[in-house]
Amino acid sequence: MTMAVIGFIGLGHMGGPMSANLVQAGHVVRGFDLGAEALEAARANGVTPVASAAEAAAGAEAVITMLPGGKQLLDCYEQLLPAAEPGALLVDSSTVDVADARAAHALAGSSGFGSLDAPVSGGTAGAEAGTLTFMVGGSEEHFHRAEALLEPMARKVIHCGGPGHGQVTKMCNNLILGASMIAVGEAFVLGERLGLSNQALYDVASISTGQCWALTTNCPVPDLVESSRANHDYEPGFAAALMLKDLRLAESAARQSGTDAALGQLATELYQRFNDEGGGGYDFGAIIRSIRERSDQLTAERPEPTG
Ligand code: NAD
């Protein structure tokens, strides 16, 4: 894509490095964040700080949002739509409820703007390296316009369907991830308690039918997989609080759509409990600690065998 003026709203853990990659690619990025620190950090990366969402959108041919949730997204759209340049494309990369994503599309459409929901996976490491996967919902035409724009931040940009389908894809993927991380954690703890070495379980499961990302890339047991956050005392990575957020979105979508997602519901409850116990700031793989502790507790509470 030739040089463009891009508005970027939400310069946090993800938006900060994403906007820096757009600057690196030669674009002029007008950035806004409610936090002064985030704005300063963005300035150091070559982003032009501005004082409001409306100012970020004024004169920009595309506006990217990377906000905590749907409420902030809809508030921002209310503020920026009157100031946005005719023909500007609005791309939201936050993870939000499908209903909020569709409400944002409707708001943009009613003001005459094209829009996409384009949540990402790949975490802060992917944001820094410019290797995120974008899951995009919206029209074919808008998707093609956005491809080159997203390219400096992406390894893959995939068109998933109409408005909201990017968020549906993200939610479904993270339902698989949350449930599989719990299953991997339970399997290791069960093995440990039966005297099996973690290495033996890893060597077999990683090349067998139990193979999955939660095992082979972000293994919850330290010292088995180089890329795992378990090797760094579970410093995220993908924080358990964000996993809980995504599982809640999946749970609410399952309820609204009448989907029987029993594992999704249970995974939400288990991550809720882990967050309540103070685990929210750790990588989501740290849930294995809670599985281990509860197993020890269960054993301690078990009545002594009689006779
Ligand atoms: P973050 O909290 O670090 O960043 C959000 C930023 O938005 C903050 O700097 C905040 O000040 C700013 N903000 C909030 N309301 C605003 C408003 N009205 N106007 C302007 N700025 C506002 O969060 P993050 O980790 O960067 O995540 C952003 C989004 O990306 C979330 O929706 C999250 O679920 C999603 N996500 C995060 C990760 C991850 O690993 N961190 C991975 C994939 C997706």
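The following exchange concerns the ligand site and one helix of a predicted model.

Trainee: Which residues come nearest to the ligand?

Mentor: The shell around the ligand holds 23 residues. By class, 11 of these are nonpolar, nine are polar and three are charged. Those that come nearest are His 13, Met 14, Asp 33, Leu 67 and Lys 245.

Trainee: Which side chain has an N or O atom 2.7 Å from an oxygen atom of the ligand?

Mentor: Backbone atoms also take part in polar contacts here: a backbone N or O atom of Leu 34 is 3.3 Å from a ligand nitrogen, and a polar backbone atom of Pro 68 is 3.3 Å from a ligand oxygen. The side chain at 2.7 Å from a ligand oxygen belongs to His 13.

Trainee: How much of the ligand's accessible area does the protein cover?

Mentor: On its own, the ligand has 840 Å² of accessible area. The shell draws at least three residues from each of domain 1 (5–162) and domain 2 (168–301). Helix H4 (70–80), helix H6 (123–129) and helix H11 (240–257) each contribute at least two residues to that shell. The share of the ligand's area covered by the protein is 84%.

Trainee: What distance separates the end C-alpha atoms of helix H8?

Mentor: Helix H8 covers residues 165–193, 29 residues in total. At 1.5 Å a residue, the expected span is 42 Å, so the model can be compared with that value. The two agree, the end C-alpha atoms being apart by 42 Å.

Trainee: Which residue with a positive phi follows H8?

Mentor: The phi of this residue is near 85°. The residue is Gly 195.

Methods:
Residues are numbered from 1 along each chain as its sequence is written. This is a predicted model: local features need pLDDT of at least 70, side-chain atom pairs count only at pLDDT 80 or more; totals for chains, interfaces and linings use all residues. Side-chain values use heavy atoms; hydrogens and water are left out. A residue is near a molecule or strand if one of its heavy atoms lies within 4 Å of it. A polar contact is a pair of N or O atoms within 3.5 Å; within protein, one must be able to donate a hydrogen and the other to accept it, and residues adjacent in sequence count only if both atoms are side-chain atoms. Accessible areas come from the Shrake-Rupley method with a 1.4 Å probe; for residues, only the protein chains shown count as cover. Helices (H or I, at least four residues) and strands (E, at least two) are DSSP runs, numbered from the N terminus. Ala, Val, Leu, Ile, Met, Phe, Trp, Tyr, Cys and Pro count as nonpolar, Asp, Glu, Lys and Arg as charged, and the others, Gly among them, as polar. Domain bounds come from an automatic or database domain assignment. The expected span of a helix is 1.5 Å times one less than its number of residues.
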